[in-house]
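Let's walk through this structure together, starting with a word about terms and then moving from the whole chain to single residues.

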Amino acid sequence: MSSFDFFQHWYPLLPIEDIEPQKPTTATLLGIPLVIWKSPSSLAYQVFLDRCPHRLAPLSEGKIDYQTGNLMCSYTT
Ligand code: FES
């Protein structure tokens with residue numbers, strides 16, 4: 001008998017209409033805080049854990065840097 005592994009499947013997060021491409025958007029999946037964002041030069045959205053690696057600050061409180069195309073932590077903006 002096998003058990004269902006929730007972390008081995010794909011899930012829809014949000015309707016695309018609910019995402020503002022100019023700023024980070026939050027979502028929660030299986031209790032995990034996520035941030036959805038897109039570089040201005042890309043058509044693809046990125047989904048990261050909503051925590052920066054240094055201070056565990058929510059990356060969703062940062063901003064998208066239009067010069068580099070990167071998601072910037074609120075501590076570095
Ligand atoms: S990435 Fe360094 S403090 Fe957030």
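Before looking at single residues, it helps to fix what the accessibility words mean: a residue is buried under 20% relative accessible area, exposed over 50%, and partly exposed in between. Please also keep in mind that this is a predicted model.

Let's begin with the chain as a whole. It has 0 helices and 5 strands, so the elements run β-β-β-β-β from the N terminus on. The C-alpha trace spans about 50 × 30 × 20 Å along its principal axes. Of the 77 residues, 27% count as buried. If you look at contacts between residues at least 6 apart in sequence, 29% of them join residues at least 24 apart.

Now turn to the sheet. Strands of a sheet pair through backbone hydrogen bonds, either parallel or antiparallel. Here the sheet is open, has 3 strands in the order E1-E2-E3, and pairs in antiparallel fashion. Strand E1 (25-29) and strand E3 (46-49) stand at the edges; each has a single partner strand, so one side of each is left without a neighbour in the sheet. From one strand to the next, the twist averages 35°.

Take a look at how E1 meets strand E2, which covers residues 32-37: the two run antiparallel and are joined by 5 bridges. One bridge you can find on screen pairs Ala27 with Leu34 in E2.

Between E1 and E2 comes a loop, and Leu30 has its place there. Is Leu30 buried, exposed or partly exposed? Its relative accessibility is 42%, and because that value falls between the two cut-offs, Leu30 counts as partly exposed. The backbone of Leu30 deserves a glance too: its phi is near 55°, a positive value in a residue other than glycine.

Next, follow the chain past E3 into the loop that leads to strand E4 (63-64), where Asp50 lies. What is the nearest side chain of opposite charge to Asp50? That side chain belongs to Arg51 and is 8.1 Å away; Asp50 is buried yet has no salt bridge. A salt bridge would call for a side-chain nitrogen of Lys or Arg within 4 Å of a carboxyl oxygen of Asp or Glu.

Where, then, does the side chain of Asp50 reach? It reaches the backbone nitrogen of Leu59 at 2.8 Å, and the backbone nitrogen of Ser60 at 2.7 Å. Leaving aside residues up to four places away in sequence, Asp50 touches Thr26, Pro33, Leu34, Val35, Ala57, Pro58, Leu59 and Ser60. Leu34 in that list may ring a bell, as it is the bridge partner of Ala27.

Two further residues of the loop between E3 and E4 are worth a visit. Leu56 is found there, and it has a positive phi of about 60° although it is not a glycine. With a relative accessible area of 57%, Leu56 is exposed.

His54 has its place in the loop between E3 and E4 as well. At 73% relative accessibility, His54 counts as exposed. To end the tour, trace the distance from His54 to Cys73: they are 19 residues apart in sequence, and their C-alpha atoms are 9.6 Å apart in space.

Definitions and conventions: Residues are numbered from 1 along each chain as its sequence is written. This is a predicted model: local features need pLDDT of at least 70, side-chain atom pairs count only at pLDDT 80 or more; totals for chains, interfaces and linings use all residues. Side-chain values use heavy atoms; hydrogens and water are left out. Two strands pair if DSSP finds at least two bridges between them. Helices (H or I, at least four residues) and strands (E, at least two) are DSSP runs, numbered from the N terminus. Axes are lines fitted to C-alpha atoms, for helices over the stretch in contact, and angles run from 0 to 180 degrees between N-to-C directions. Buried means under 20% relative accessible area, exposed over 50%, partly exposed in between (1.4 Å probe, protein chains only). Lys and Arg count as positive and Asp and Glu as negative; His and the chain ends are not counted. A polar contact is a pair of N or O atoms within 3.5 Å; within protein, one must be able to donate a hydrogen and the other to accept it, and residues adjacent in sequence count only if both atoms are side-chain atoms. Contact means heavy atoms within 4.5 Å.
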